[in-house]
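Open the model in your viewer and keep the selection tool at hand. This tour goes stop by stop, saying what to select and what is there.

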Amino acid sequence: MKKFLGCVLSFLLLTPAALADTPLGAPITLSQSIPVSDILAHPDRFVGQKVRIRGLVVDVCAKRGCWMALASEKGFDQLRVKVRDGVIVFPMEARGREASVEGVVERFEVSPEQRLRRAKHLAEERGQKFNPDDLKQKRIVYQIRATGAVLH
Amino acid sequence: MNWRRLNTALHRDLGYLCVGLTLVYALSGLALNHTYHWNPNYKISRYQVLLPPELLKQTDPQLLGQAVLEHLDIQQPLRNHYRSGPTTLDLFMEKGKIQIALDSGRAQIEYARPRTGLKEINALHLNHPRRAWTWLADIYAVALCLLAITGLFILRGRNGLRGRGGWLTLAGIVLPIVVLLL
């Protein structure tokens, strides 16, 4: 009886911790995480590679949940995690939670028109006035094309 | 039973069966069709406040975050914080975010409340659950095709396919083609 009660108690104590993790998309297969700051420091080294990263979710696509931004542990910088529409939908409630993400590092160039459009779109989504300074963002963009994630 | 009676019975029963799913797809379709004009999943509210300078003297972001929540009488616990820039601190709660400009004391408070019911049916429309829902949605699509085809043969005469019904059917086929050609 004591053994049974012990099992039940352990289950009840462990369950909230287990449930706290929310898997999204395909299961994560890599065991080692690469710091977000490492990728941001030398992004070209990782282009085309499948990586696993872990970081604080600081922003999420409000309308479609099709991207989120993970903060660099060194602060002031973040890496965008993008998914094909519908593969994963990141909930807005993910902001402020730690997340592990698995995907391939991508590099692409954005034209001035694309930058203008994106800056205007982001300003609108965040309820802020369009700031021309946002156009000073990098011309080369790096992001993770995610296949799976876990919210911790 | 002749084929017309069978056709009508099939149309009637499929119609009853499809009511729930049709409403799910139609309502969420309306919501998702206008994503550029509104957020179909969350109701986002934002407002700005000016924080007192003495509050911002706290240099520890965790303690500052807690003090800000207390000052603003926000009952949600502080989940995390992040320095998004040299003079910007982001505070995260379960259902919201506060972005503080540390130099000016201006803070933008943002709450994101899920649109209960609509968010769930939008997820079904976009097949987020996958697995069994994919099958159910496929069956529903086939049922819709059957509904459309059986519907053509319910009435006879002036209002049937050889009369008014035929013209309306033709209009329904031509309309998407015209849109594609424009």
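Which residue is the bridge partner of A:V57 in strand 3 of chain A? Select A:L70: that is the bridge partner of A:V57. Keep in mind that this is a predicted model.

**Stop 1: strand 3 of chain A**

Select residues 67-71 of chain A, which make up strand 3. Of its 5 residues, 5 are buried, so the strand is largely enclosed by the rest of the structure. Now show the side chains. A:W67, A:A69 and A:A71 point one way from the strand. A:M68 and A:L70 point the other way. Both sets are buried.

Add strand 2 of chain A, residues 50-60. Strand 2 and strand 3 of chain A pair in the antiparallel sense, over 3 bridges. The two strands form a hairpin, with 6 residues between them. Pick out A:G65 in that turn: its phi is positive, about 65 degrees.

Next, add strand 4 of chain A, residues 78-82. It runs antiparallel to strand 3 of chain A, and 5 bridges join the two. Look for A:A71, which stands opposite A:Q78 in strand 4 of chain A. This pair of strands also makes a hairpin, with 6 residues between them. Here A:G75 sits in the turn, with a positive phi of about 85 degrees.

**Stop 2: the two domains of chain B**

Move to chain B and colour it by domain. Domain 1 takes in 3-37 and 117-181, according to the domain assignment. Domain 2 covers 42-114. How many Å separate the centres of domain 1 and domain 2 of chain B? The separation is 47 Å, taken over C-alpha atoms.

**Stop 3: the sheet of chain B**

Display the strands of chain B. An open sheet of 5 strands appears, in the order 1-5-4-3-2, with antiparallel pairing. Its edge strands are strand 1 (42-50) and strand 2 (80-85) of chain B, each pairing on one side only. From one strand to the next, the twist averages 20 degrees.

Now select helix 2 of chain B, residues 61-71. This helix packs on the sheet, touching strand 2, strand 3 and strand 4 (96-101) of chain B. Its direction makes about 65 degrees with that of strand 3 of chain B.

Zoom in on strand 3 of chain B, residues 88-93. Is this strand mostly covered or mostly uncovered? It is mostly covered: 5 of its 6 residues are buried.

Follow its pairing with strand 2 of chain B. The two run in the antiparallel sense over 5 bridges. B:G85 has B:T88 as its bridge partner, and B:H81 has B:L91. The hairpin between strand 2 and strand 3 of chain B has 2 residues between the strands.

Then turn to strand 4 of chain B. It runs antiparallel to strand 3 of chain B, joined by 6 bridges. B:T88 stands opposite B:A101 in strand 4 of chain B. A hairpin joins strand 3 to strand 4 of chain B through 2 residues.

**Stop 4: B:T150**

Select B:T150. It is found in helix 4 of chain B, residues 132-152. Buried or exposed? B:T150 has a relative accessible area of 5%. The cut-off for buried is under 20%, so B:T150 counts as buried. Show what it touches: B:N7, B:L10 and B:H11, not counting residues up to four places away in sequence.

**Stop 5: a pocket and a cavity**

Turn on the surface. The second largest pocket has a volume of about 570 Å³. Its lining has 23 residues. Lying nearest its centre are A:L24, A:I88, A:V89, B:H128 and B:P129. Two elements give two or more residues to this lining: strand 1 (22-25) of chain A and helix 3 (118-125) of chain B.

Last, look for enclosed space. There is 1 cavity of 30 Å³ or more. The largest cavity holds about 60 Å³ of space. From chain A, select A:M92, A:E93 and A:R95, which are among the residues that line the largest cavity. From chain B, add B:Y42, B:R79, B:M93, B:E94, B:K95, B:G96 and B:A112, which also line the largest cavity.

Technical notes
Residues are numbered from 1 along each chain as its sequence is written. Chains are lettered from A and ligands numbered from 1 in the order in which they are written. This is a predicted model: local features need pLDDT of at least 70, side-chain atom pairs count only at pLDDT 80 or more; totals for chains, interfaces and linings use all residues. Side-chain values use heavy atoms; hydrogens and water are left out. Helices (H or I, at least four residues) and strands (E, at least two) are DSSP runs, numbered from the N terminus. Buried means under 20% relative accessible area, exposed over 50%, partly exposed in between (1.4 Å probe, protein chains only). Contact means heavy atoms within 4.5 Å. Domain bounds come from an automatic or database domain assignment. Two strands pair if DSSP finds at least two bridges between them. Axes are lines fitted to C-alpha atoms, for helices over the stretch in contact, and angles run from 0 to 180 degrees between N-to-C directions. On a 1 Å grid over the protein atoms alone, a cavity is a set of points where a 1.4 Å probe fits but cannot get out, and a pocket is an open set with protein on both sides within 12 Å along at least five of seven lines; lining residues have an atom within 4 Å of a point. Grid points are joined across faces, edges and corners, and a volume is the space filled by probe spheres set on the points.
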